[in-house]
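Work through the exercises below with the structure open. Try each task before reading its solution.

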Amino acid sequence: MTDSTANPNPEASPIRSPLHDRHVALGAEIRDVGGYELPFRYSSELEEHKAVREAVGLFDLSLMGEIRVSGPDAARFLAHTLISAIKPIALGKAKYTMIVQEDGGIIDDLIVYRLGVDEFMLVQNAGNMREVYGTLRERIGGYDVEVVDRSAEIALIAVQGPKAAKLLRRVVPADSHGTLDALRYYSCTSLEVAGVEMIVARTGYTGEDGFEVFPPADRGAEVWDALLAAGGAVSDPADPADDGSDLGVRPCGLLCRDILRLEAGMPLYGRELTRERTPLEAGLKSVMGPTKGNFIGRNALFNQPEPKQLLAGLQIEGTVAPERGAVLRDADGNEVGVVTSSKVSPTFGYPIAFAYVDRWLSTKGTELKLDVEGEERTATVVPTPFYNRKKRR
């Protein structure tokens, strides 16, 4: 999710999700973020965080962009305009990638889903939708390809948490349970969910198991309602593998999602990822792939000298998180980095952060200093992700 604070159309009214009325009815705190009205939180971000880590949470991501790219040259076109190899992506699989400028600066990060031999769906950040779509159109050149913005036609609901699969089993037909269970991480398929045919993907941005469902915009609200209702106790479950218990589903807001993604070590556009930073600085060289051929930005990235700064994870002493933009200093008081994201982690009970740090100080165990509410604190470089569901603490 983008952190862009610039309204893509400052003269227009804020853009609302097709689920907006549902959020208001549920008592969500709605905020205008970069020209988009979003549920910031419903009750307590800590309760929402706990639901995702222990049960299941629902996120309305309908303001993310969906672009369909199709045609005989679709794979070659995307390989040319994105930084990842596209041809190796199998049908029904997905890949995290980026679109960059000629100088390697990041325009956006996105996920590519391969829906058919010559058909792909790109899901990108809401605040960058116009830039990504415009850039793709500019790069078509002589490729036999069609690029269509489908964002207004599609809603997007993320179902995240250790009980996400159990919740979805309650709203898909029994004869589709096998298909759902077989869906691996970073894969997608077509399923009927709550009586609506749609694309279902198994990806996520929270560090937990999870799915994204893509209903038509005009049916998004009924799917949202069905998912919330299915999360309650079921007196006579049709699924023999389901004990019918209350799954503890909760609607979750933007603040909770930001805490979850930081714990999971996932960068956010507008903070860790910007046009002024490259994938190399963000530690995402592997996204390009070792055998990646020519693409826009390749020369700048492959010829770039060792980055002066690298993205690093920090564990910070105390109980208060530093402000975004807080300056990091070495033992001699020299400025050596800047905090891009920070939160007090509900999982660990102490502040964690992402920061760009001078390369030679970005190794595990390095101790740096920063100011937190007028007090000097120690920030220690630690590996990311901070949280891994496979190693629950």
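**Exercise 1. Place Tyr186 and judge its cover.**

Solution. Step 1: Tyr186 sits in the loop between helix H6 (177–182) and strand E11 (188–193). Helices (H or I, at least four residues) and strands (E, at least two) are DSSP runs, numbered from the N terminus. Residues are numbered from 1 along each chain as its sequence is written, and side-chain values use heavy atoms, with hydrogens and water left out. This is a predicted model, where local features need pLDDT of at least 70, side-chain atom pairs count only at pLDDT 80 or more, and totals for chains, interfaces and linings use all residues.

Step 2: Tyr186 is buried, because its relative accessibility is 18%. Buried means under 20% relative accessible area, exposed over 50%, and partly exposed in between (1.4 Å probe, protein chains only).

Step 3: Check the backbone. Tyr186 has a positive phi, near 60 degrees, and is not a glycine. Most residues other than glycine have a negative phi, and most peptide bonds are trans.

**Exercise 2. Find the cis peptide bond.**

Solution. Look at the bond from Thr384 to Pro385: it is cis, with omega near 5 degrees. Pro385 belongs to the segment after E20.

**Exercise 3. Describe the hairpin of E6 and E7.**

Solution. Step 1: Strand E6 (residues 94–100) has five buried residues out of seven.

Step 2: E6 and strand E7 (residues 106–116) run antiparallel, joined by seven bridges. Strands pair if DSSP finds at least two bridges between them. Thr97 has Leu110 in E7 as its bridge partner.

Step 3: Five residues lie between the strands, and Gly104 in this hairpin takes a positive phi near 90 degrees.

Step 4: The loop between E6 and E7 also holds Gln101. Gln101 counts as buried because its relative accessible area is 19%. From Gln101 to Ile296 is 195 residues in sequence, but 7.0 Å in space, C-alpha to C-alpha.

**Exercise 4. Trace the negative patch on the surface.**

Solution. Step 1: List the members: Glu317, Glu323, Glu367, Asp371, Glu373, Glu375 and Glu376. Patch residues have over 30% relative accessible area and no salt bridge, and like charges are joined within 9 Å. A salt bridge puts a side-chain nitrogen of Lys or Arg within 4 Å of a carboxyl oxygen of Asp or Glu.

Step 2: Strands E19 (367–372) and E20 (375–382) each supply at least two of the patch residues. Glu376 is in E20. Glu376 is exposed because its relative accessibility is 58%.

Step 3: Glu373 is in the loop between E19 and E20. Glu373 is exposed, at 69% relative accessibility. Its phi is positive, near 55 degrees.

Terms used:
Patches are made of residues with over 30% relative accessible area and no salt bridge: like charges are joined within 9 Å, nonpolar side chains (Val, Leu, Ile, Met, Phe, Trp, Tyr) within 5 Å. Accessible areas come from the Shrake-Rupley method with a 1.4 Å probe; for residues, only the protein chains shown count as cover. Lys and Arg count as positive and Asp and Glu as negative; His and the chain ends are not counted. The place of a charge is taken as NZ of Lys, CZ of Arg, CG of Asp or CD of Glu.
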